[in-house]
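Reader: Could you walk me through this one with me looking at the coordinates? I would like to start with how the helices pack and then jump around a bit.

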Amino acid sequence: MGEKKYNISVEATLEVIGGKWKCVILCHLTHGKKRTSDFKRLMPSITQKMLTQQLRELEEDGIVNRIVYNQVPPKVEYELTPYGDSLRPILDSLCNWGERHIIKEFGSKAAVLEDNGLNNLDD
């Protein structure tokens, strides 16, 4: 990999999971395997090109497994690898902080969080 130098170790983390979409994709995968169509339903504003690129990068980094089923029509699913699953505490912490931030900024989660079954909107 060459002479890579980081000023602080969080740079290495953000190199793998940084950006607008990767943590969102990974949070969805903590709930189980997903197909491309699942991601498109859960993340309607992501483009197909961006989704494919992000999944490919996560796969290259050993965070996500791409499972291709030999059937017609072809079926592809994505899941966290054991290494990817080691990010679960970080992802949970990010979600929890986000909920607290939403409540601080907007007064309630229901004001801005989608009612998509993934969010507890009772607070």
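**Helix packing and cysteines**

Author: In this predicted model, the axes of helix α2 (residues 22-29) and helix α4 (residues 48-60) come within 10 Å and cross at roughly 75 degrees. Since angles of 65 to 115 degrees count as roughly perpendicular, α2 is therefore roughly perpendicular to α4.

Reader: Which residues make the contact there?

Author: On the α2 side they are Lys-22, Ile-25 and Leu-26, and α4 contributes Leu-51, Gln-54, Leu-55, Glu-57 and Leu-58. Sorted by class, the residues of this contact of α2 with α4 are five nonpolar, one polar and two charged.

Reader: And α2 against α6, at what angle do they cross?

Author: The axes of α2 and helix α6 (residues 88-106) cross at roughly 110 degrees and come within 10 Å, which means that α2 is roughly perpendicular to α6. Here Cys-23, Leu-26 and Cys-27 of α2 meet Leu-91, Leu-94 and Cys-95 of α6, and by class the contact of α2 with α6 has six nonpolar residues, with no polar and no charged ones.

Reader: I see cysteines in that list, so how many disulfides does the structure hold?

Author: The structure holds zero disulfides.

Reader: Hm, why is there no bond between Cys-27 and Cys-95?

Author: The cysteine sulfur closest to that of Cys-27 is in Cys-95, at 3.6 Å, and this is too far for a bond, because a disulfide needs the pair of sulfur atoms to be within 2.5 Å. Taken from the other end, the sulfur of Cys-95 has that of Cys-27 as its closest cysteine sulfur, at 3.6 Å.

Reader: Is Cys-27 buried or exposed?

Author: Cys-27 is buried, with a relative accessible area of 19%, and the cut-off for buried is under 20%. Cys-95, at 38% relative accessibility, counts as partly exposed.

Reader: Switching topic, where does Ile-63 sit?

Author: Ile-63 lies in the loop between α4 and β1 (64-69), and Ile-63 is buried, with a relative accessible area of 3%.

Reader: What is Ile-63 in contact with, leaving aside its neighbours within four places in sequence?

Author: With those neighbours left aside, Ile-63 is in contact with Val-16, Leu-26, Leu-58, Glu-79, Leu-80, Thr-81, Tyr-83, Gly-84 and Leu-87. Two of these appeared above, since Leu-26 of α2 and Leu-58 of α4 belong to the contact between those helices.

Reader: And what separates Ile-63 from Phe-106?

Author: Ile-63 and Phe-106 are 43 residues apart along the chain, and their C-alpha atoms are separated by 33 Å.

Notes:
Residues are numbered from 1 along each chain as its sequence is written. This is a predicted model: local features need pLDDT of at least 70, side-chain atom pairs count only at pLDDT 80 or more; totals for chains, interfaces and linings use all residues. Side-chain values use heavy atoms; hydrogens and water are left out. Axes are lines fitted to C-alpha atoms, for helices over the stretch in contact, and angles run from 0 to 180 degrees between N-to-C directions. Helices (H or I, at least four residues) and strands (E, at least two) are DSSP runs, numbered from the N terminus. Angles under 35 degrees count as roughly parallel, over 145 as roughly antiparallel, 65 to 115 as roughly perpendicular and the rest as oblique. Contact means heavy atoms within 4.5 Å. Ala, Val, Leu, Ile, Met, Phe, Trp, Tyr, Cys and Pro count as nonpolar, Asp, Glu, Lys and Arg as charged, and the others, Gly among them, as polar. Buried means under 20% relative accessible area, exposed over 50%, partly exposed in between (1.4 Å probe, protein chains only).
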